[in-house]
Amino acid sequence: MKTTKPRKPDPELIRQLFERFEQDKPEPKTELNYSNAFTLVTAVALSAQATDVSVNKATGPLFAIADNPADMLALGEDRLMKMISSIGLYRNKAKNVMEMCRILLAQYGGQVPMNRAALLSLPGVGNKTASVVLNEMDIEPAIAVDTHVYRVSHRLGIVDAAADTPDKVEAELMKIIPKHWLTRAHHWLILHGRYVCVARKPKCEICIVRDLCPKIGVDFTPLI
């Protein structure tokens with residue numbers, strides 16, 4: 001099978017791709033369930049190396065009784081671990097959530113700080129988590145590059161082949177995607193990678209951008 005060679009990002013391709021995504025889902029949202037900034041940052045932190053579905057199953061009962069730092073601390077680490085035990089790395093995540101709650105109460109009056117530097121100082125919050133929170137809360141346009149965003153960005157040819165790390169892909173996407181799409185681009189790329197442009201057998205037959213996609217790195221049979 002012939003594989004399409006990588007190429008430099010094409011502004012016209014980017015425009016057409018994101019117009020299609022916008023027509024299909026004008027207001028895409030995270031699939032993580034949350035009700036406020038605290039439950040959002042907690043859910044996103046818990047989702048590291050776990051699916052949104054598994055996180056939602058655990059946080060539904062959890063957030064019903066602890067949707068703020070004080071109630072989460074009152075819950076206790078042992079009970080928290082039991083409630084999120086179905087999520088990968090739950091022991092370490094429970095410790096981080098507890099410590100995050102202590103810091104939020106001691107330094108921020110129980111509120112989640114809405115700036116990147118402060119978010120990154122919280123236990124369990126890395127650049128990806130901070131980007132998701134800031135973008136979702138409409139504070140700062142950001143694109144959190146997970147495995148889906150990384151894969152789809154390269155397959156669609158919207159980042160250069162030299163963007164070979166998540167940080168490089170994020171920097172490239174922030175540079176090339178027009179501002180009016182930035183806050184939604186993260187969700188479009190994740191959802192496309194999660195349900196259509198999957199890793200092993202991309203579902204090209206149902207793809208809304210199949211006629212635009214250069215399928216970089218994908219061996220395929222052209223659709224008739």
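**Exercise 1. Classify the exposure of Lys168 and Asp164, and state how their side chains interact.**

Solution. Lys168 has a relative accessible area of 44% and is therefore partly exposed, where buried means under 20% relative accessible area, exposed over 50%, and partly exposed in between (1.4 Å probe, protein chains only). Asp164, at 46%, is likewise assigned to the partly exposed class. The two side chains meet in a salt bridge with an N to O distance of 3.1 Å; the term denotes a side-chain nitrogen of Lys or Arg within 4 Å of a carboxyl oxygen of Asp or Glu. Elsewhere, Glu12, Arg15 and Glu19 are joined into one network by salt bridges that share partners.

The model is predicted, so local features need pLDDT of at least 70 and side-chain atom pairs count only at pLDDT 80 or more, whereas totals for chains, interfaces and linings use all residues. Residues are numbered from 1 along each chain as its sequence is written, and side-chain values use heavy atoms, with hydrogens and water left out.

**Exercise 2. Determine how many salt bridges the structure holds, and which parts the pair Arg116 and Glu140 ties together.**

Solution. The total is 11 salt bridges. In one of them, the closest N and O atoms of Arg116 and Glu140 are 2.9 Å apart. Arg116 belongs to helix H7 (residues 116–120), while Glu140 sits in the loop between helix H8 (127–136) and helix H9 (147–155), so the pair links parts that are 24 residues apart in sequence. Helices here are DSSP runs (H or I, at least four residues), numbered from the N terminus. Glu140 is partly exposed, at 30% relative accessibility.

**Exercise 3. Establish the disulfide count and describe the setting of Cys207.**

Solution. With a disulfide taken as a pair of cysteine sulfur atoms within 2.5 Å, the count is 0. For Cys207, the nearest cysteine sulfur belongs to Cys213 and lies 6.2 Å away. Cys207 is buried, at 7% relative accessibility. Cys101 is also buried, with a value of 0%.

**Exercise 4. Characterise the lining of the largest cavity by residue class.**

Solution. A cavity is a set of points, on a 1 Å grid over the protein atoms alone, where a 1.4 Å probe fits but cannot get out; lining residues have an atom within 4 Å of a point. There is 1 cavity of 30 Å³ or more. Its lining comprises 13 residues, and those closest to the centre are Cys197, Pro202, Cys204, Cys207 and Cys213. By class, the lining has 8 nonpolar, 1 polar and 4 charged residues, with Ala, Val, Leu, Ile, Met, Phe, Trp, Tyr, Cys and Pro counted as nonpolar, Asp, Glu, Lys and Arg as charged, and the others, Gly among them, as polar.

Methods. Helix = DSSP H or I, 4+ residues; strand = E, 2+ residues; numbered from the N terminus. 1 Å grid on protein atoms, 1.4 Å probe; cavity = no way out; pocket = protein on both sides within 12 Å on 5 of 7 lines; lining within 4 Å. Points joined across faces, edges and corners; volume = space filled by probe spheres on them.
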